[in-house]
Structure formats: C-alpha cells, structure tokens
Amino acid sequence: MEEWMNEFFSAMEKYTALSAETKVVMQSHLHLKKIKKQELYLAQGVVPQKIAYICKGLLSYYTIHESGDTIIKRFFQENSFVASTSALIKKTRGLFAIEALENTIVLEFSFHSFKALMHQHTDLAFFWINYLEENWVAGKEEQEITLKYLTAKERYLDLIRHSPELVKRLKQHHIAAFLGVTPTQLSRIRKDIS
C-alpha cells in the first residue's frame, strides 16, 4: 500500500509539487479498491462520484452506440488517473462506462471531497488545472485531429508506434473498438501491414 501511495503522489507531482501537509490530508481520503477483469468500475448512465489512480491493471473508457457497437475512447493503465471527467464536473449521468480489461487495483477518492480540499490546499487546485489542461484539452485536441484525418490503418500504426506494450495487452476486439472498425477489418489491416 505504501508503495502505491508513493506512486500516486509521484503521478500527481508530474503536474505540480505538493506540500507534505497536502499529502497527509490527501492520503486520508484515498481508498484501495480491487476490480475484477470484465467488471465495471463505472456504468454508462451513472452520475460519477470518484476519481481513481490505477496502481495495477488496465481499464477501457467506452460507450455503447445506439447501433449496439462499442466505441472505446481511451485506455487507462498503471500510473494514470481515470474518471468520467466531463460527467464528474457537470454532475450529470456519464455517457461512458469504465471496465477492467485486467484484474485492476486502484486508489480512489471522492471528487466532492477533492474539490473541497482544493479550496484549502492550492497545490491540489494547481494539480487539477494542469492535469485537465494536459490530458483533456491539449491531449484531446491531438486525438480529435488524429480521428478526423487519419485512416484506420494509420491510427493502428500510430497506436503500435506510441503504445507497443499496451497493444500487447489488448484483445483484437478492444483495438477494433478503439479504431472504430470491426475485428474483421482490423484483421485485414494487420494482414495488409505484414
């Protein structure tokens, strides 16, 4: 548990330095949770309450289209934070679900409590601002351009190039749902590449 706490604070400090006092207070709000493979961490249509730091495991962030197709927006693996961020901020039902693709261990905390702590500990507010800017503004912009202008084959090659270890952990239907193609189309893309 102590090792994961250290990793949690290291991950936060990629965005801003935290005081010793903030770490002590924040630690008291963290709860360890185990999520089994194929278990939902958050169901689609639920108002989210928590943010989680992934100590071990892999999660998908997806939605089910009205056609019944699964669309994976993102994968979250070790040393990252996961939440249905937009719904969390707006306090609305989430359009996305979060599912464990492997047995997963997270440290989770209440967003409501976290927001209250931001008023008392400005370093937490700076963490949150910097985290959102990097992951949900700048990062999202790049992803939107990629989705709009690259073919499925180019997006697949980009995924392999930037996340080769992640690709090894994913099943073909997860990669297909991320790329917006069928597993059969992904097989053709793989065949075409080799």
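Me: Is Arg-161 buried or exposed?
Reply: This is a predicted model. In it, Arg-161 has a relative accessible area of 56%. The cut-off for exposed is over 50%, so Arg-161 counts as exposed.

Me: With which residue does Arg-161 form a salt bridge?
Reply: Arg-161 lies in helix H6, and its partner lies in that helix too, 3 residues apart, about one turn of the helix. The closest N and O atoms of the pair are 3.8 Å apart. The partner counts as partly exposed at 24% relative accessibility. It is Asp-158.

Me: Which residues are joined into one network by salt bridges that share partners?
Reply: The structure holds 7 salt bridges. Some of them share partners, and the network they make joins Glu-78, Glu-102 and Arg-169.

Me: How many residues apart are Asp-192 and Lys-153, whose side chains meet in a salt bridge?
Reply: The N to O distance in this salt bridge is 2.8 Å. Asp-192 is exposed, with a relative accessible area of 51%, while Lys-153 is partly exposed at 34%. Asp-192 lies in helix H9 (residues 183–193) and Lys-153 in helix H6 (residues 152–162), so the pair links distant parts of the chain, 39 residues apart.

Me: Which residue forms a salt bridge with Lys-50?
Reply: Lys-50 lies in strand S3, and its partner is in strand S8 (residues 104–110), 58 residues apart. Lys-50 is partly exposed, with a relative accessible area of 36%. The partner is buried, with a relative accessible area of 9%. The closest N and O atoms are 3.5 Å apart, and the partner is Glu-108.

Me: Which side chain of opposite charge is nearest to Glu-99?
Reply: Glu-99 is found in strand S7 (residues 97–100). It is buried yet has no salt bridge. A salt bridge needs a nitrogen and an oxygen within 4 Å, whereas the nearest side chain of opposite charge is 9.4 Å away, and that is Lys-37.

Me: In the cluster of ring pairs, what kind of pair do Phe-8 and Phe-81 make?
Reply: The structure holds 18 aromatic pairs. The ring centres of Phe-8 and Phe-81 are 5.9 Å apart, and their planes stand at 70°. Planes over 60 degrees apart count as edge-to-face, so this pair is edge-to-face.

Me: How many residues apart in sequence are the parts that the pair of Phe-8 and Phe-81 ties together?
Reply: Phe-8 counts as buried at 0% relative accessibility, and Phe-81 is buried at 5%. Phe-8 lies in helix H1 (residues 2–12) and Phe-81 in strand S6 (residues 81–82), so the parts tied together are 73 residues apart in sequence.

Me: Where does Tyr-131, which pairs with Phe-81, lie?
Reply: The rings of Phe-81 and Tyr-131 have their centres 5.7 Å apart and their planes at 75°, so they too make an edge-to-face pair. Both residues are buried. The pair ties together parts that are 50 residues apart in sequence, with Phe-81 in strand S6 and Tyr-131 in helix H5 (residues 122–149).

Me: Why do the buried residues of H1 line one face of the helix?
Reply: The buried residues of H1 are Met-5, Phe-8, Phe-9, Ala-11 and Met-12. Seen down the axis of H1, they line one face because they fall within an arc of 155°.

Me: Which strands stand at the edges of the open sheet of 4 strands?
Reply: The order of the sheet is S1-S8-S3-S6, with antiparallel pairing. S3 (residues 50–56) and S6 pair over 2 bridges, with Ala-52 opposite Val-82 in S6. Each edge strand has a single partner strand, so one side of each is left without a neighbour in the sheet; the edge strands are S1 (31–35) and S6.

Me: Which residue in the turn between S4 and S5 has a positive phi?
Reply: Strands S4 (residues 58–64) and S5 (residues 70–77) pair in the antiparallel sense over 7 bridges. Tyr-61 stands opposite Arg-74 in S5. The two strands form a hairpin with 5 residues between them, and the turn residue with a positive phi, about 100°, is Gly-68.

Conventions
Residues numbered from 1 in each chain as written. Predicted model: local features only at pLDDT ≥ 70, side-chain atom pairs only at ≥ 80, totals over all residues. Heavy atoms only, no water. Phe/Tyr/Trp six-rings, centres within 6.5 Å; stacked < 30°, edge-to-face > 60°. Buried < 20%, exposed > 50% of the residue type's maximum accessible area, 1.4 Å probe, protein only. Lys, Arg positive; Asp, Glu negative; His and termini not counted. Pairing = 2+ DSSP bridges. Arc of directions from axis to C-beta.
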